[in-house]
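Student: Please take one close look at the charged side chains here, and go through their contacts in order. I would like to know where each partner sits and how open it is.

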Amino acid sequence: MEKEILDKYIKAGNIVKKVKEYAKTLVKDGALAVDVADKVDAKIVELGGKPAFPADISINEIAAHYCPRFKDKLVIKSGDLVKVDLGVHIDGYLVDTAISISAGKNAGNEELIAAAHAALSIGIKTAKPGVQVREIGKAIQEEISRRGFQTIRNLSGHGVDQWVVHTSPTIPNFDNGDKRELKEGDIIAIEPFPSTGEGIVVEGKDSEVYEVVSEGNIRTGRDVLEYVFEEFETLPFCKRQLINKFGALKAPLAIKQMLSSGIIKEFKVLREKNQNSKVAQAEHTLIIQEKGNKILT
Ligand code: MN
Ligand code: MN
């Protein structure tokens, strides 16, 4: 990798490390999820980066993709297990990371969070040039299962690339039989999700998070469309970001047209199949190296 590009990944990683520490101070009983998300996204910009995607604040049985809405009333309560998933990019070179935080002391939450950290750590140790991705998944699953939890099988880690959050190789959280081998210089995100439920996520509500999938045009609100193309390119963005910039009338109308013209697609919120369960997550982006992986986040 060229030094110039490597430096951008390192810079993005250094920013996200600081923002994660900041996020830990925001997650507490009584905090509005939308305030946490807005403050996290603003801090990334303040430190000289850009969000690689709008921060997700997924609570308890919600595993991923809960991006707070404009004026969202969701309040964090004591006992909640809160996952903050965030990313930073510099000129499209991005890192993706996540932390889990217990709002208030809660032994159950802390055990599940410890399982996420342990599984991530063993996943990172297993990942080396020449290792099959199934072996990473196997190590993650064994660690989670040893601690008495389920590994969520239909959520996985992934490669990252410029302007692309999810690319090959898929990094499974169980032994999925994939013999694809990692190689020196691969940049991947590993993200185990231990669960007290069934170990499967299902699609929930619309997330109001979108991604550009095709070129095209719309009749009204073309400035919104141009902004989306220029600011986000192929990175995810959400309705709240566009309302903050263009207002509560114009932004939703433009989004509606972009959806119906097939220019953007919408993600779903992902929740544990068992609605009374809790899910934790830990995630790092790293560079695979023979001499020892470089953890960017
Ligand atoms: Mn993530
Ligand atoms: Mn990820």
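**Charged side chains, from the surface inward**

Tutor: Lysine 105 is exposed, because its relative accessible area is 78% and the cut-off for exposed is over 50%. The model is a predicted one, and what follows is computed from it. The side chain of lysine 105 meets that of glutamate 110 in a salt bridge, with 3.9 Å from N to O. Glutamate 110 has a relative accessibility of 33%, so it counts as partly exposed. This pair is one of 19 salt bridges in the structure.

A second pair is made by arginine 147 and glutamate 143, whose side chains form a salt bridge at 2.8 Å, N to O. Here arginine 147 is partly exposed, at 34% relative accessible area. Glutamate 143, by contrast, is buried, because its value is 10% and buried means under 20%.

In a third pair, what is the state of the two partners, buried or exposed? The pair is lysine 239 and glutamate 208, and their side chains meet in a salt bridge of 3.7 Å, N to O. Lysine 239 belongs to helix α6 (residues 239-246) and glutamate 208 to strand β10 (residues 201-212), so this salt bridge links distant parts of the chain, 31 residues apart. Both lysine 239 and glutamate 208 are buried. Elsewhere, Asp38, Asp41 and Arg240 are joined into one network by salt bridges that share partners.

Some acidic side chains have a metal ion as partner instead. The manganese ion (ligand 1) has protein donors from Asp85, which gives two OD atoms, from Asp96 (OD) and from Glu283 (OE), and these donors lie 2.1 to 2.5 Å from the ion. Along the chain, the donors follow the spacing D-x10-D-x186-E. Aspartate 85 is in strand β3 (residues 81-90) and aspartate 96 is in strand β4 (residues 93-102), so the pair ties together parts that are 11 residues apart in sequence.

Aspartate 96 has a further role at this site: it bridges the manganese ion (ligand 1) and the manganese ion (ligand 2), which are 3.2 Å apart. How buried are the two aspartates? Aspartate 85 has a relative accessible area of 12%, and aspartate 96 has one of 2%. Both values fall under the 20% cut-off, so both residues count as buried.

Conventions:
Residues are numbered from 1 along each chain as its sequence is written. Chains are lettered from A and ligands numbered from 1 in the order in which they are written. This is a predicted model: local features need pLDDT of at least 70, side-chain atom pairs count only at pLDDT 80 or more; totals for chains, interfaces and linings use all residues. Side-chain values use heavy atoms; hydrogens and water are left out. Donors are N, O and S atoms within 2.8 Å of the metal (3.2 Å for Na, K and Ca); water is not among the atoms, so sites may look incomplete. Helices (H or I, at least four residues) and strands (E, at least two) are DSSP runs, numbered from the N terminus. Buried means under 20% relative accessible area, exposed over 50%, partly exposed in between (1.4 Å probe, protein chains only). A salt bridge is a side-chain nitrogen of Lys or Arg within 4 Å of a carboxyl oxygen of Asp or Glu.
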